[in-house]
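Student: Could you take me through one part of this model up close? I'd like to look at the second largest pocket, and then see how the rest of the chain is put together around that view.

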Amino acid sequence: YNRIKKAPNKTFVPRTVLIGGKAAPGYHMAKMIIKLITSVGNVVNNDPIVGDRLKVIYLENYRVSLAEKVIPASDLSEQISTAGTEASGTGNMKFMLNGALTIGTMDGANVEMAEEAGEENLFIFGMRVEDVEALDKKGYNAGEYYDKLPELRQAVDQISSGHFSPKEPELFKDVVNMLMHHDRFKVFADFETYIKSQDKVSELYKNSKEWTKMVIKNIANSGKFSSDRTIKDYAREIWGVEPSDVKIPPPNEPKP
């Protein structure tokens with residue numbers, strides 16, 4: 001958004017950013033993050049300078065029936081949890097199976113996906129688990145990143161100054177306070193590599209042939225994530241049972 005505003009005549013790869021998620025009734029910070037997403041969307045989506053080059057959409061009541069539409073339609077899957085937090089579920093695998101490329105950290109199932117498709121066929125960025133542990137020992141200071149990264153500082157200042165909530169300038173003060181002083185996920189530490197990785201995404205997307213090659217490699221190497229393979233592994237490794245030829249009749253058929 002800020003890059004488009006700064007250089008409106010420059011060519012940008014158009015993006016529609018879809019964000020889905022829910023907040024538990026008592027989870028104040030999660031609710032404020034959702035409010036921030038919708039507030040950013042209200043500003044970005046109605047800015048005539050930005051136009052159709054960037055849209056921000058929050059998917060209300062994200063659920064399976066909505067995922068069935070969104071996942072096959074997506075070009076890029078963002079799986080950006082901090083390494084070691086194991087925050088990704090199986091959604092990233094569904095995106096991979098349906099032909100979306102992944103931009104993500106080496107966390108959760110992203111690690112397995114990189115093992116199968118090759119790290120060069122994903123847009124991997126950010127700290128690894130050992131980097132996070134080293135930063136924990138050293139001590140994470142969000143202010144260091146705020147001071148040295150102009151684009152990050154601009155974004156944080158816009159949130160804290162009410163740029164996205166002009167009628168309530170202090171609406172997001174809790175979000176900014178958390179990011180600056182109490183962020184256990186250390187998101188500022190991954191910001192610079194995330195932005196560089198997104199630049200790589202835009203560059204590759206301009207070359208449809210190379211993008212499609214990478215998509216095909218991802219789909220072709222996603223077989224491991226089939227539910228059939230998963231259940232077989234569960235059966236053998238956890239339940240200690242092997243497949244048999246015994247046919248179980250459907251419930252509507254009388255038993256012999």
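Tutor: Let's settle the classes before we count anything: Ala, Val, Leu, Ile, Met, Phe, Trp, Tyr, Cys and Pro go down as nonpolar, Asp, Glu, Lys and Arg as charged, and the others, Gly among them, as polar. Keep in mind, too, that this is a predicted model.

With those classes, the lining of the second largest pocket splits into 5 nonpolar, 2 polar and 4 charged residues. The volume of this pocket is about 230 Å³. Go round its wall and you meet Thr90, Met93, Lys94, Leu97, Phe225, Arg229, Thr230, Asp233, Tyr234, Glu237 and Ile238. Two helices, H4 (91-97) and H12 (227-239), each put at least two residues into that lining. H12 has the largest share, with 6 residues.

Now zoom out. The protein chain has 12 helices and 5 strands, and its C-alpha atoms fill a box of roughly 75 × 45 × 40 Å along the principal axes. Of its 256 residues, 37% are buried. Take the contacts between residues at least 6 apart in sequence, and 63% of them join residues at least 24 apart.

Next, the largest nonpolar core. This core has 31 residues, and Tyr145, Val175 and Phe188 touch the most other members. At least two residues each come from helix H2 (28-45), strand E2 (54-59), helix H6 (129-138), helix H7 (142-148), helix H8 (150-161), helix H9 (173-181) and helix H10 (187-205). H2 gives the most, namely 5 residues. For a view from inside, try Tyr145: setting aside neighbours within four places in sequence, Tyr145 is in contact with Leu135, Tyr140, Leu152, Phe188 and Ala189.

H10 is worth another stop, since Ser202 lies in that helix. Ser202 has a relative accessible area of 18%, and the cut-off for buried is under 20%, so Ser202 counts as buried. Beyond its neighbours within four places in sequence, Ser202 is in contact with Val13 and Arg15.

On to the aromatics. The whole structure holds 6 aromatic pairs. In one of them, Tyr1 with Phe164, the ring centres are 6.1 Å apart and the planes sit at 55°, so the pair is tilted. This pair ties together distant parts of the chain, with Tyr1 in the segment before helix H1 (2-6) and Phe164 in the loop between H8 and H9, 163 residues away. Both Tyr1 and Phe164 are buried. Elsewhere, ring pairs join Phe123, Tyr205 and Trp211 into a cluster.

Last, a couple of backbone oddities. Most residues other than glycine have a negative phi. Asn61 goes the other way, with a positive phi near 50°. You'll find Asn61 in the loop between E2 and helix H3 (64-73), where its 44% relative accessibility makes it partly exposed. Lys186 also has a positive phi, about 55°, without being a glycine. Lys186 sits in the loop between H9 and H10, and at a relative accessible area of 9% Lys186 is buried.

How values were computed:
Residues are numbered from 1 along each chain as its sequence is written. This is a predicted model: local features need pLDDT of at least 70, side-chain atom pairs count only at pLDDT 80 or more; totals for chains, interfaces and linings use all residues. Side-chain values use heavy atoms; hydrogens and water are left out. A nonpolar core is a set of buried Ala, Val, Leu, Ile, Met, Phe, Trp, Tyr and Cys residues joined through side-chain atoms within 4.5 Å. Buried means under 20% relative accessible area, exposed over 50%, partly exposed in between (1.4 Å probe, protein chains only). Helices (H or I, at least four residues) and strands (E, at least two) are DSSP runs, numbered from the N terminus. Contact means heavy atoms within 4.5 Å. Rings of Phe, Tyr and Trp (its six-membered ring) pair if their centres lie within 6.5 Å; planes under 30 degrees apart count as stacked, over 60 as edge-to-face and the rest as tilted. On a 1 Å grid over the protein atoms alone, a cavity is a set of points where a 1.4 Å probe fits but cannot get out, and a pocket is an open set with protein on both sides within 12 Å along at least five of seven lines; lining residues have an atom within 4 Å of a point. Grid points are joined across faces, edges and corners, and a volume is the space filled by probe spheres set on the points.
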